[in-house]
Each structure stands twice: as C-alpha cells, then as structure tokens.
Amino acid sequence: MKYNTITIININKKIVHKNNLSLLSILKKNKIYIEHQCCSGYCGSCRINLIKGQVYYLIKQPMAALFNKKEILPCCCKPDSNIIIKI
C-alpha cells in the first residue's frame, strides 16, 4: 500500500495516509471538516485549492467547467502523490 502526505498550509497540519480513501474521507477521518453535500462531484460545495501535487478523480466527469484550474473536489478524488492543499 502506498503512503502519501497531505499538507494543509492554512492550518499548518500534515497527514500521512494510505491511498485508499477519497481526499474528503481522509480529511474527515483526521477531524478536518469542510463543507460538502452531494459527495459525488456535482454540487461543488467541497472545492478546495490544490497548491502542489496530483490527484485523480474516481468519476469520469466532475463538474470541471464550474471550478478553476487549481481547485479540486475532495469528495471524488484521491491523492496521486504528496499534495499541498488550502482549505
């Protein structure tokens, strides 16, 4: 199992995790709560900024047209490397 690090710059927190959960699930498991609703990539309420690193999406087409290039939807993506985010 691959381990990655999530660094959250605006709350000075670092999480080491196995890459088997969505980013939202990893954050919730570590008691970091962000706004979310549909958990399927359609509402966009969970969007956060990806500062550095790569994620991959668990669904084919999240609502990509409605968010900026550096924004990601943690409800339906997994880290693909060590990442730095801002929530």
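Let me start with the salt bridge, in which the side chains of Arg47 and Glu71 meet at 3.6 Å, N to O. This pair links distant parts of the chain, since Arg47 sits in the loop between helix H1 (23-29) and strand S3 (48-52), while Glu71 belongs to strand S5 (residues 71-72), 24 residues away. The structure holds one salt bridge, and please keep in mind throughout that we are looking at a predicted model.

The two partners sit in unlike surroundings, and I would like to set them side by side. Arg47 is partly exposed, with a relative accessible area of 30%, whereas Glu71, at 15% relative accessibility, counts as buried, because the cut-off for that word is under 20%. The side chain of Glu71 also reaches the backbone nitrogen of Asn68, at 2.9 Å. If we leave aside the neighbours within four places in sequence, Glu71 is in contact with Arg47, Ile48, Asn49 and Tyr57.

How far can we lean on the coordinates? The protein averages a pLDDT of 90, and 92% of the residues score at least 70. Among the elements, strand S4 (residues 55-57) has the lowest mean pLDDT, at 92, and strand S7 (residues 83-86) has the highest, at 98. As a general caution, where pLDDT is low, the predicted coordinates should not be read in detail.

From Glu71 we can move to the sheet that contains its strand. Which order do the five strands of the open sheet take? The order is S2-S1-S7-S3-S5, and the pairing is mixed. The edge strands are S2 and S5, each of which pairs on one side only, and so Glu71, which is found in strand S5, lies in an edge strand while counting as buried at 15% relative accessibility.

Strand S3 takes part in two of the pairings that I want to go through. With S5, strand S3 runs antiparallel and is joined by two bridges, and in that pairing Ile48 stands opposite Ile72 in S5. With S7, strand S3 again runs antiparallel, here joined by three bridges. Among the bridge partners in S7 are Ile84, which is matched with Lys52, and Lys86, which is matched with Asn49.

Next comes the interior. The largest nonpolar core has 21 residues, and those with the most contacts inside it are Ile6, Leu23, Leu27, Ile72 and Ile85. The elements that give two or more residues to this core are S1, H1, S3 and S7, and H1 gives the most, with four residues. Ile72, one of the residues with the most contacts in the core, is also the residue that Ile48 stands opposite in S5. To take Ile6 as an example, and again without its neighbours within four places in sequence, this residue is in contact with Lys13, Lys14, Ile15, His17, Leu23, Ile26, Pro79, Ile83 and Ile85.

A polar residue in strand S1 deserves a moment as well. Asn4 lies in strand S1; is this residue buried or exposed? Asn4 is buried, with a relative accessible area of 4%. Beyond its neighbours within four places in sequence, Asn4 is in contact with Ile15, Val16, His17, Asn19, Pro79, Asp80, Ser81 and Asn82.

After strand S1 we come to Ile9, which is found in the loop between strand S1 (3-8) and strand S2 (13-18). Ile9 is partly exposed, with a relative accessible area of 44%, and it touches Ile51, Ile84, Ile85 and Lys86, not counting residues up to four places away in sequence. The C-alpha atoms of Ile9 and Ile87 are separated by 8.3 Å, although their positions lie 78 residues apart along the chain when we count from one to the other.

I will finish with the backbone. Most residues other than glycine have a negative phi, and two residues here are worth checking against that background. Asn12, in the loop between S1 and S2, has a positive phi of about 50° although it is not a glycine, and this residue is exposed, with a relative accessible area of 75%. Cys39, in the loop between H1 and S3, likewise has a positive phi, near 60°, and is partly exposed, with a relative accessible area of 39%.

Note on methods: Residues are numbered from 1 along each chain as its sequence is written. This is a predicted model: local features need pLDDT of at least 70, side-chain atom pairs count only at pLDDT 80 or more; totals for chains, interfaces and linings use all residues. Side-chain values use heavy atoms; hydrogens and water are left out. Buried means under 20% relative accessible area, exposed over 50%, partly exposed in between (1.4 Å probe, protein chains only). Contact means heavy atoms within 4.5 Å. A salt bridge is a side-chain nitrogen of Lys or Arg within 4 Å of a carboxyl oxygen of Asp or Glu. A polar contact is a pair of N or O atoms within 3.5 Å; within protein, one must be able to donate a hydrogen and the other to accept it, and residues adjacent in sequence count only if both atoms are side-chain atoms. pLDDT is the predictor's confidence in each residue, from 0 to 100. Two strands pair if DSSP finds at least two bridges between them. A nonpolar core is a set of buried Ala, Val, Leu, Ile, Met, Phe, Trp, Tyr and Cys residues joined through side-chain atoms within 4.5 Å.
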